[in-house]
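Me: Got a minute to go through a model with me? I'll put it up here.

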Number of protein chains: 2
Amino acid sequence: MANSASGDSVVDRVVRVIEAFPEGVTSLQLTELADRAELPLSSAHRLVRQLSEHGLLDLGAGGTVRLGLRLWELVNRNSPTLALRQAAMPFMEDIQQVLNQNVNLAVLDGWEALFVERLSRRGSVANRARIAGRMPVHITSAGVALMSHQPRELQAEYLEQFHDPSGKVTADVVRHYLAEAAQQGYAQLAGVVDPDTWGIAVPVLNGKRRTVAALGVVVPLAEMRLQALVPALQTAARGIGRQLGD
Amino acid sequence: MANSASGDSVVDRVVRVIEAFPEGVTSLQLTELADRAELPLSSAHRLVRQLSEHGLLDLGAGGTVRLGLRLWELVNRNSPTLALRQAAMPFMEDIQQVLNQNVNLAVLDGWEALFVERLSRRGSVANRARIAGRMPVHITSAGVALMSHQPRELQAEYLEQFHDPSGKVTADVVRHYLAEAAQQGYAQLAGVVDPDTWGIAVPVLNGKRRTVAALGVVVPLAEMRLQALVPALQTAARGIGRQLGD
DNA sequence: ACACGTTCTACCATTGAACGGAAGGCTCCT
DNA sequence: AGGAGCCTTCCGTTCAATGGTAGAACGTGT
């Protein structure tokens with residue numbers, strides 16, 4: 001139902017163009033972009049030109065397309081997580097100082113944990129790569145901490161549709177994770193990237209006692225001392241919550 | 001030249017909607033958004049609904065409009081400054097550790113310095129608010145450091161159009177700043193926000209020896225020790241440049 | 001040096017998607 | 001109960017969006 005051929009609105013197309021960049025890729029050739037966005041070349045060209053006139057995209061010489069600085073600026077200035085990140089940052093720095101561990105902050109989006117902020121451990125190489133990264137709920141402590149404090153109906157819906165493509169984890173196992181985390185008030189899970197690390201996360205509640213985020217650390221197995229880590233995280237999480245208001 | 005009345009394309013309107021959020025504001029009523037974007041209410045409504053179906057915006061109950069988490073995610077994953085920030089982060093952490101000062105990283109956009117990353121001084125409150133913030137070239141050390149290492153023509157063009165609305169600074173003063181910074185290899189300027197602080201910044205050169213960013217610190221006057229700060233910054237800047245390649 | 005493949009850019013007649021005024025709901029005041 | 005302010009939906013009109021086509025600009029292999 002488009003102006004002519006292929007059933008989509010201008011907005012659909014704009015979205016597809018922005019979404020066309022694969023994770024971590026900052027620059028695309030026009031042809032490849034048109035390909036990925038499933039647009040006729042001439043249409044892609046026109047859209048990209050229009051968007052780059054406004055600075056949302058950057059159309060370099062020779063058809064190189066990047067996201068525009070202006071877009072990055074606008075989105076980061078008015079990000080929906082701005083208040084959360086601002087409230088959390090000082091506490092995350094405290095945790096990093098006191099515990100010397102990787103600290104991260106995640107929110108729930110769909111059935112995934114979306115990492116909105118992260119401080120890397122002093123001396124470790126930058127794992128900042130994963131800011132704006134996603135992980136399925138059931139493989140991260142942040143995900144489990146978030147889901148375990150959601151309303152019953154949402155948890156039920158989640159477990160209903162749960163399916164682990166690798167087949168390693170069943171819904172019952174996840175149910176157990178959630179129950180345990182809900183009871184303990186924190187979630188702990190073996191690291192996904194590095195099997196010798198553990199993740200520990202606690203929920204962050206806003207003024208209305210709704211779970212809006214999870215605050216977590218990733219620690220090497222050798223330094224795994226729950227009695228030190230959990231109280232620190234919980235204290236910080238309460239601090240963040242108080243700062244947030246609502 | 002729009003489908004009917006008021007001379008702008010769909011893309012123009014989408015851009016206006018995203019740009020409608022004032023700095024630091026994360027949430028807008030539909031009516032206010034329509035007003036700011038100069039769109040008829042029904043058109044604004046249609047656009048917002050379309051965009052929120054794709055997750056670029058978030059249309060809450062009661063007409064509350066926010067930027068979508070998905071948009072934030074996409075932009076941060078594929079940000080044009082991703083490589084720069086990743087390369088710089090470890091070095092910025094080093095600076096923060098060793099000097100215990102606020103560290104920031106800026107790029108030149110138009111005649112302004114756009115801050116793309118910032119680490120706050122240990123113990124100080126979050127000044128992270130200003131990530132994605134802009135400042136005119138001539139009032140920040142980062143801006144001067146950036147501009148002083150640009151090609152002659154660009155500097156000329158900049159000085160040509162330079163005008164300080166407050167009337168405090170003349171083009172000649174700025175010319176002096178730039179010359180000094182170019183000669184010394186670093187820029188130092190009195191703080192704008194707090195008059196008792198100083199900013200010091202050095203250019204970051206990529207493999208082709210093009211100035212792509214400025215690395216800077218903001219220090220209290222009492223701790224202003226150039227002989228310690230400048231070498232540390234320059235070393236870090238070289239490290240970043242090496243990491244960047246090109 | 002030439003021909004070929006690939007990519008970017010520009011043009012323009014056709015047509016259906018975008019437009020927005022108006023009317024209907026809804027909530028929250030007074 | 002009435003009104004003000006907001007969100008949402010509907011639908012006939014109209015012109016902006018569309019994309020095939022063609023040409024320009026590289027780069028590459030023979």
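What follows is a chat about how the chains meet, the cores, the salt bridges and a few backbone oddities.

Me: What ground rules should I keep in mind?
Reply: It's a predicted model, so local features need pLDDT of at least 70 and side-chain atom pairs count only at pLDDT 80 or more, while totals for chains, interfaces and linings use all residues. Residues are numbered from 1 along each chain as its sequence is written, chains are lettered from A and ligands numbered from 1 in the order in which they are written, and side-chain values use heavy atoms, with hydrogens and water left out.

Me: OK, what rotation puts chain B on chain A?
Reply: A rotation of 180° with 0.0 Å of shift along its axis, giving an RMSD of 0.1 Å; the fit is least squares on the C-alpha atoms of residues with pLDDT of at least 70 in both. The two copies are thus related as by a two-fold rotation axis.

Me: How many residues of each chain are in contact?
Reply: 57 residues of chain B are in contact with 56 of chain A, contact being heavy atoms within 4.5 Å. Of the interface residues of chain B, 98% are also interface residues in chain A, so the copies meet through the same surface.

Me: And how much area gets buried between them?
Reply: About 5300 Å², 64% of it on carbon and sulfur atoms. That is the accessible area (1.4 Å probe) that the two parts lose on being put together, summed over both.

Me: How many salt bridges between chain B and chain A?
Reply: Six, where a salt bridge is a side-chain nitrogen of Lys or Arg within 4 Å of a carboxyl oxygen of Asp or Glu. One pairs Glu73(A) with Arg134(B), their closest N and O atoms 2.6 Å apart.

Me: Which element of chain B gives the largest share of the side touching chain A?
Reply: H4(B), with nine residues. Helices here are DSSP runs (H or I, at least four residues), strands likewise (E, at least two), numbered from the N terminus.

Me: Does Arg134(B) pair inside its own chain too, and what with?
Reply: Arg134(B) also forms a salt bridge with Asp109(B), again with closest N and O atoms 2.6 Å apart. Arg134(B) lies in strand S6 and Asp109(B) in strand S4 of chain B, so the pair ties together parts that are 25 residues apart in sequence.

Me: Switching topic: which residues have the most contacts inside the largest nonpolar core?
Reply: Ile200(A), Leu215(A) and Leu215(B), in a core of 111 residues. A second, separate core of 22 residues includes Leu159(A) and Phe162(A). A nonpolar core is a set of buried Ala, Val, Leu, Ile, Met, Phe, Trp, Tyr and Cys residues joined through side-chain atoms within 4.5 Å.

Me: What does Leu215(A) touch?
Reply: Leaving out residues up to four places away in sequence, its contacts include Met92(A), Val103(A), Ile200(A) and Leu233(A).

Me: Now the backbone. What's the phi of Ala132(B)?
Reply: Positive, about 70°, although Ala132(B) is not a glycine. Most residues other than glycine have a negative phi.

Me: And Arg209(B)? What phi there?
Reply: Near 60°, also a positive value in a residue other than glycine.

Me: Ala132(B): buried or exposed?
Reply: Ala132(B) counts as buried, at 0% relative accessibility. Arg209(B), at 65%, counts as exposed. Buried means under 20% relative accessible area, exposed over 50%, partly exposed in between (1.4 Å probe, protein chains only).
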